[in-house]
Amino acid sequence: MVLETEGLTYTYSTGTPFEKTAVDHVDIRIEPHTMAGVIGATGSGKSTLMQHFNGLLKPTSGRILLDGKDIWADKKSLREVRFRVGLVFQYPEYQLFEETVYEDIAFGPKNMGLGKEEIQHRVIGAALMLGIDKGMLKRSPFVLSGGQQRRVAIAGVMAMHPEILILDEPCAGLDPRGRDLMLRQIREYQHRTKSTVLLVSHSMEDTAAFTEKLLVMDHGKLYCYEDTAAVFRRTEKLQEMGLRVPQITAVMNVLRNKGYPVPEDIYTVEQAADVIYRLLGGKSC
């Protein structure tokens, strides 16, 4: 499934003193089966853009196309769009409301009109993918830890089997171990389902380690949508936008400026370790 925008613009509080254009004439084409990061400084428009992709917000002007069809051409089709493009808000655990974990995860599939057996299959599959064991399904979501609640909420969207899954800061508030586990589970989900995942994050390390492409927003405009390595080569431009490159990239830049033969596209610890190993006379790992 291909997701596109044509001249997408969204303005808050039109005609008032508080009028502000949050998304400004964005043209983008997101191909299927992609794990992409979405980055930008606070107020860059990245979250507003994501809320357009599943019809939560209606453009002030421009279009959002799903497989070539304008999602707002027929308002009756928006329900289907929201099943095909799943959106997980930041701190989704605050939206839990059912009596059991099972019922919370099953809420979306039930609204899709699926049969009981299919719902059960999807609930158990999504739960296991996120490390939620079967024994937990009978418990109240409100007695779980914050990290477990986060997984339940995300599993509820995954259980709908969206072709595109958008996650807005899914690791916010998690400790380093919990964050790494969550991202690995999301990447495994993307590999298994061959879906498209858009990961909104303020962490350059997370996007560097777990994404193939990066969508960069700057003051409501699309700066670029390119391979992760290509984006992180633009160190100076990212810093001008109030972003930073991964710490390991900054270290490699220092070494390169001192004359060491260090490539420009190093943005993970594993890549840096391999380069340093070779610089010290070893062979490539």
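Here are four short exercises, each with a worked solution, on the predicted model shown above.

**Exercise 1. Walk across the sheet**

Work out the strand order of the open six-stranded sheet, and find which strands stand at its edges.

Solution.
- Start with the order: going across the open sheet, you meet β6-β7-β8-β3-β9-β10, and the pairing is mixed.
- Next, look for strands with a single partner. Those are β6 and β10, so each has one side left without a neighbour in the sheet.
- From one strand to the next, the twist averages 15°.
- Now check one parallel pair. β3 (residues 35-39) runs parallel to β8 (residues 196-200), and four bridges link the two. If you want a spot to click on, V38 has V200 in β8 as its bridge partner.
- Then check an antiparallel pair. β9 (residues 213-218) and β10 (residues 221-227) are joined by six bridges. Here V216 sits opposite C224 in β10.
- A reminder for when you look at the side chains: in a regular strand they alternate between the two faces of the sheet.

**Exercise 2. Two helices on the sheet**

Decide how α5 and α6 are oriented relative to each other, and say which strands each of them touches.

Solution.
- Take the sheet contacts to begin with. α5 packs against β6 and β7 (164-168), and its direction makes about 170° with that of β6.
- α6 also packs on the sheet, touching β3, β7 and β8, and its direction makes about 155° with that of β8.
- Now compare the helices. Their axes come within 12 Å and cross at roughly 10°. An angle under 35 degrees counts as roughly parallel, and α5 and α6 are therefore roughly parallel to each other.
- Who's touching whom? From α5 come R150, R151, I154 and M158, and they meet G178, L181, M182, Q185 and Y189 of α6.
- Sort the residues of this contact by type and you get five nonpolar, two polar and two charged.

**Exercise 3. Compare two pockets**

Describe the largest and the second largest pocket by volume, lining and residue type.

Solution.
- The largest pocket holds about 610 Å³ of space. Its lining has 22 residues, with L87, Q95, F107, V157 and M160 closest to the centre.
- Elements that each supply at least two residues to this lining are α2 (78-84), β6 (85-88), α3 (101-111) and α5 (146-158).
- By type, the lining of the largest pocket comes out as 13 nonpolar, six polar and three charged residues.
- Turn to the second largest pocket, with about 360 Å³ of space. It's lined by 17 residues, and E205, D206, A209, V269 and E270 are the closest to its centre.
- Two or more lining residues come from each of α6 (176-193), α7 (204-210), α10 (247-257) and α11 (269-279).
- The tally for the second largest pocket is eight nonpolar, two polar and seven charged residues.

**Exercise 4. Hunt for positive phi**

Locate H33, Y91 and H219, and give the phi angle of each.

Solution.
- First, the background: most residues other than glycine have a negative phi.
- H33 isn't a glycine, yet its phi is positive, at about 65°. You'll find H33 in the loop between β2 (20-30) and β3.
- Y91, also not a glycine, has a positive phi of about 55°. It's in the loop between β6 and α3.
- Finally, go to the hairpin of β9 and β10, where two residues lie between the strands: H219 takes a positive phi near 50° there.

Conventions: Residues are numbered from 1 along each chain as its sequence is written. This is a predicted model: local features need pLDDT of at least 70, side-chain atom pairs count only at pLDDT 80 or more; totals for chains, interfaces and linings use all residues. Side-chain values use heavy atoms; hydrogens and water are left out. Two strands pair if DSSP finds at least two bridges between them. On a 1 Å grid over the protein atoms alone, a cavity is a set of points where a 1.4 Å probe fits but cannot get out, and a pocket is an open set with protein on both sides within 12 Å along at least five of seven lines; lining residues have an atom within 4 Å of a point. Grid points are joined across faces, edges and corners, and a volume is the space filled by probe spheres set on the points. Ala, Val, Leu, Ile, Met, Phe, Trp, Tyr, Cys and Pro count as nonpolar, Asp, Glu, Lys and Arg as charged, and the others, Gly among them, as polar. Axes are lines fitted to C-alpha atoms, for helices over the stretch in contact, and angles run from 0 to 180 degrees between N-to-C directions. Angles under 35 degrees count as roughly parallel, over 145 as roughly antiparallel, 65 to 115 as roughly perpendicular and the rest as oblique. Contact means heavy atoms within 4.5 Å.
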